[in-house]
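Student: Hi, could we go through some helices together?
Tutor: Happy to, here is the structure.

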Amino acid sequence: MGPIVIVEKVSIRFGGLLALNEVSFQMEERHIQAIIGPNGAGKTTLFNCLTGFYKPTEGSIVLRRDGKSYHLTQPPMGSFRGNPAGWMGGFLRNLFTSNPIHRTALLGVSRTYQNIRLFAQMTGIENLLVAQHNSVNHKLLSGIFQTPGFLRSEKKALEKAWYWLEFMGLEDTANIEAGNLAYGLQRRLELARAMATSPRLICLDEPAAGLNRQEIEDLNRVIVNLRNEHKISVLLIEHHMGVVMNISDRVVVLDHGEVISEGTPAEVQKDPRVIKAYLGEEEEDAPPQSRREA
Amino acid sequence: MEIDFIIFNIPVIILEQGALAAGFLASLFYIRALDLRAYGEMIKDAAIVGAIAMVLFVPIVGLVLKDRSLVFQIERSLMLVGAVAVGRLHISGAVRARVGIRILWRLALVGISETFAFFFFPEPQRNLIVLVVLVVLAIVFALEALLRSGEKLDSIGSKIMGAWPAVISRAKGRQGYLMFFLVGLLVLLPFEPFINSENPFITDYHLGTLTQTLIYILLAMGLNIVVGLAGLLDLGFVAFYAVGAYGYALITLHLGEFGIGFWWALPITASLAAFAGCMLGFPVLRMHGDYLAIVTLGFGEIIRILLVNMIDFTNGPNGMSAPRPTLMGLEFTRRAKEGGVPLHEYFDIPYDATYRYVFIYLVALALALAAIFVFRRLREMPIGRAWEALREDETASKALGINHTTVKLSAFTLGAAFAGVGGVLFAANEGFISPSSFTFVESAIILSIVVLGGMGSITGVIIAAAILTLLPELFRDLQQYRMLGFGLAMVFIMIWRPGGLIKVRRRAFVRRDSARGASNPALGEAD
């Protein structure tokens, strides 16, 4: 199995701030890879580049799927270049598909958010049905007249939604509006929603934030299960070392927008640069405990 | 009371009792609680009660004192016996079905009170009483069923998920019954003047007003897509209404010679308005909230000003006449235009201006019901879910692979198509249109219907449309305070019921298949 994501020399600049500085790393398919680093290291920025929310100032991000490479940082111009008659079609296609967030999602990248972004006024199961928008029959007339094909596709979508709800232990709260769920359940629902899109790669932004020890153990089991049983690559940002060190196959450490270390959890833990980034220089008397918590 | 107080109006009684019985049977169908044997028992029971009533009524009511001699009039007592039997049928059905017993009880009371009114009150009062009883009961039913089912779902819902199926099917049964009853009433309503021709309670004016209410329901359903589901605040919705009305007038004016009449214009104009909606959608794709509201407001004004200024095309502020609709080419005029055939000549019946009002009313009713149906379906379809997701969190829905461009455009387009149909009806109903019918106030009214009724809700919007169009008609003397009233209503609704009169109830899903609990690979091992 080759890499699923190749990040090459990605830099992003917000005004004078260099948020990411030539970040390069690869991610193998069906791996659990963690991105760690102190606050403000650029982890979420990197995530946003990967999922199309930000466009990197420089560098490229390539997603490999079924042996083909897709450049996430460039619009899909190739399809109509050199075809003069296709300009209008190309223009229209561009208009409808060039949104990088939407395009990345269609390539099989799915994500969760640091601050939960569920559809608060929709029920749990509706959240999961929305996530399957691209795989259901969304033709207008077949929906209005409820053709057999439409009903079949809805049934399939419902079954899948129930599957992921049960997978995350949410079947009892399926008909409750997402905004009214408890925090831990919302986190789980967001993960279920991301999985309902049938992704190849799922990006989890601090999935363990605000969870108690039992919930974190459940989460670890779920993530490992996603990789082993559902053949999904998991990229996660996490501060909670219990999650990172126990389940990740590889860890990338960011600090001040640069990759300072990469390797297996054991390797990374020993890396002096990582220790320095987290605990500071030995001369400095920064309180180590509080920095670790941050 | 005078002696000749009893005038039989057999068709009315048959009609109304028939409607009640049909509504009742439909409710049984929805409830599906009864088998054939139960029906048989009910009918037998009703027959027995009818026979007893016959014994009692024939000597008492059947003998009429007329010109100092007793005349035997069997039909009077038969009517009473019929009323009793039907009432008994209602009650025994209610008892057997065990659902909504109180509602069905009241239904039986409608039948009895009506029949009473028919027998014991002289003509003018009788109509009034029957109508008041019907309207009051319809409203009571509607409110009770809606409030009760909502309250049940809210309070119990989250606690006992296992009880969902029961609660839902009960709510569904009631709603289905209620729908049937109300729709039946609305369909039968315009025929009252024909049956009761001496002193009709429902006049052309009433029918015209009701048609206008139905048009507003249609429009509100369209705006409900844009504002309620997709969450795009549209202050220029009247533009599409205007496109519909003027589209109809212009199409029939210029293409009338090719046989394009009301029915052809309807889909053409709807697509025209949909196109206009799509055109508005493009520039506002990236706009939200206040900015979107300002642009749509501007769009509404642009259309109106265009209509005023394109004098050669639209006849400017002088307005245009719009043709009346036809029924399979038959016209509703006293004398047909050249080549046409008026309805009354074709059927060889006397001319009556009411036919036209009845016809437009029925067309509007059918289209409003169709709009409600389509809206209901849309809400449960992938596209409806995508609209709501877009309203809740645009970025998150994009990240799930939803194409926000097409989803937003489809909301504008479909909403505008509804408004286009409303515009055609408006033009056909009024017979004359001018730009002054399509001012911002109109947009504001439609928007307040949606907001007051509850964004995304159907029942709430229908009730709000009825209130906001019928109340101003009732209080015409206070017309100058109308906007004040709207404002006050808006403020109070926002304070008391921020979700609108009737907050949208989410659709509940029930796990059906047998694989329940079979797979919980990750969490199952934990405990």
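Student: What span should helix 9 of chain B have, and how far apart are its end C-alpha atoms?
Tutor: At 1.5 Å a residue, the 18 residues of helix 9 (residues 238–255) of chain B should span 26 Å, and the end C-alpha atoms are 25 Å apart, which agrees. The expected span is 1.5 Å times one less than the number of residues. This is a predicted model, where local features need pLDDT of at least 70 and side-chain atom pairs count only at pLDDT 80 or more. Residues are numbered from 1 along each chain.

Student: How many of its residues are buried?
Tutor: In helix 9 of chain B, 15 of the 18 residues are buried (under 20% relative accessible area, 1.4 Å probe, protein chains only), so the rest of the structure largely encloses this helix.

Student: New topic: at what angle do helix 6 and helix 7 of chain A pack?
Tutor: Helix 6 (residues 148–167) and helix 7 (residues 183–196) of chain A pack at about 140 degrees, with axes 9 Å apart. They are therefore oblique to each other, a class for angles outside under 35, 65 to 115 and over 145 degrees.

Student: Which residues meet there?
Tutor: From helix 6 of chain A, A:Lys160, A:Trp164 and A:Leu165 meet A:Leu189, A:Ala192, A:Met195 and A:Ala196 of helix 7 of chain A, with contact meaning heavy atoms within 4.5 Å. By class, that contact has 6 nonpolar, no polar and 1 charged residues.

Student: And what about helix 8 and helix 19 of chain B?
Tutor: Helix 8 (residues 204–229) and helix 19 (residues 459–474) of chain B pack at about 140 degrees, their axes 9 Å apart. That makes helix 8 of chain B oblique to helix 19 of chain B.

Conventions
Chains lettered and ligands numbered in written order. Heavy atoms only, no water. Axes fitted to C-alpha atoms, helices over the stretch in contact; angles between N-to-C directions. Helix = DSSP H or I, 4+ residues; strand = E, 2+ residues; numbered from the N terminus. Buried < 20%, exposed > 50% of the residue type's maximum accessible area, 1.4 Å probe, protein only. Nonpolar A, V, L, I, M, F, W, Y, C, P; charged D, E, K, R; others polar.
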